[in-house]
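Colleague: I am new to reading structures, and a whole model is a lot to take in at once. Please pick one part, look at it closely with me, and then show me what surrounds it.

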Amino acid sequence: MLDNLRQALAALTDSCYHYFAKPGTTPPYLVWAEDSDNDLTADNVHVERCYEGTIDLFTKTEGDDLIQAVPSALEGIGAAYYLNSVQYEEDTRLIHYEWVWQYG
């Protein structure tokens, strides 16, 4: 199930990582992780599975193409998502976009 998500994001950039980026990674890059579920249960059985997680884009460029590409990739695989935050990180001088996704 998560292979579709991994492939969709990896198709956007060679700098796509699961859980954490390699030390010294040059922006822009993506980091994604699953961190919970939103399964449908009935009669104490998981009848439908759904993972939830985040995708983080770290970039130095306003208007980076990945800002539009990430939502398009999520829509392409039928994932639900929303943009959770955009922030400038003083310590790294990077713009950090975070999307929350659900897919299953």
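Modeller: Here is a close look at helix α1, followed by the sheet on which α1 packs. This is a predicted model, so a word on the ground rules: local features need pLDDT of at least 70, side-chain atom pairs count only at pLDDT 80 or more, and totals for chains, interfaces and linings use all residues. Residues are numbered from 1 along each chain as its sequence is written, and side-chain values use heavy atoms, with hydrogens and water left out.

Let's start with the helix itself. α1 covers residues 2-10, and L2, L5, A8 and L9 in it are buried. Buried means under 20% relative accessible area, exposed over 50%, and partly exposed in between, with a 1.4 Å probe and protein chains only. Helices (H or I, at least four residues) and strands (E, at least two) are DSSP runs, numbered from the N terminus. Why do these buried residues sit on the same side of α1? They cover an arc of only 120° around the axis, an arc taken from the directions from the helix axis to the C-beta atoms. An α-helix has 3.6 residues a turn, so residues three or four places apart point the same way.

What covers that buried side? The cover includes β1 (16-18), β2 (29-37), β5 (51-59), α2 (66-76) and β7 (94-103). L5 is a good residue to follow: leaving aside neighbours within four places in sequence, L5 is in contact (heavy atoms within 4.5 Å) with W32, I55, L74, I77, W101 and Y103.

L5 also leads us to the core. The largest nonpolar core has 18 residues, and L5, I55 and W101 have the most contacts inside it. Such a core is a set of buried Ala, Val, Leu, Ile, Met, Phe, Trp, Tyr and Cys residues joined through side-chain atoms within 4.5 Å. Two or more residues of this core come from each of α1, β2, β5, α2 and β7, and β7 gives the most, with five residues. A separate core has six residues, including A21, Y29, F58 and L94.

Now for the sheet. Its five strands form an open sheet in the order β1-β2-β5-β7-β6, with mixed pairing; two strands pair if DSSP finds at least two bridges between them. β1 and β6 (80-89) stand at the edges with a single partner strand each, so one side of each has no neighbour in the sheet. From one strand to the next, the twist averages 20°. β6 and β7 are antiparallel, over nine bridges, and Y82 stands opposite V100 in β7.

Both helices rest on this sheet. α1 touches β1, β2, β5 and β7, and its direction makes about 160° with that of β2. α2 packs on the sheet too, touching β2, β5, β6 and β7, with its direction at about 5° to that of β7. Axes here are lines fitted to C-alpha atoms, for helices over the stretch in contact, and angles run from 0 to 180 degrees between N-to-C directions.

One last stop is the loop between β1 and β2, where F20 is found. F20 is exposed, with a relative accessible area of 60%, whereas L5 in α1 is buried.
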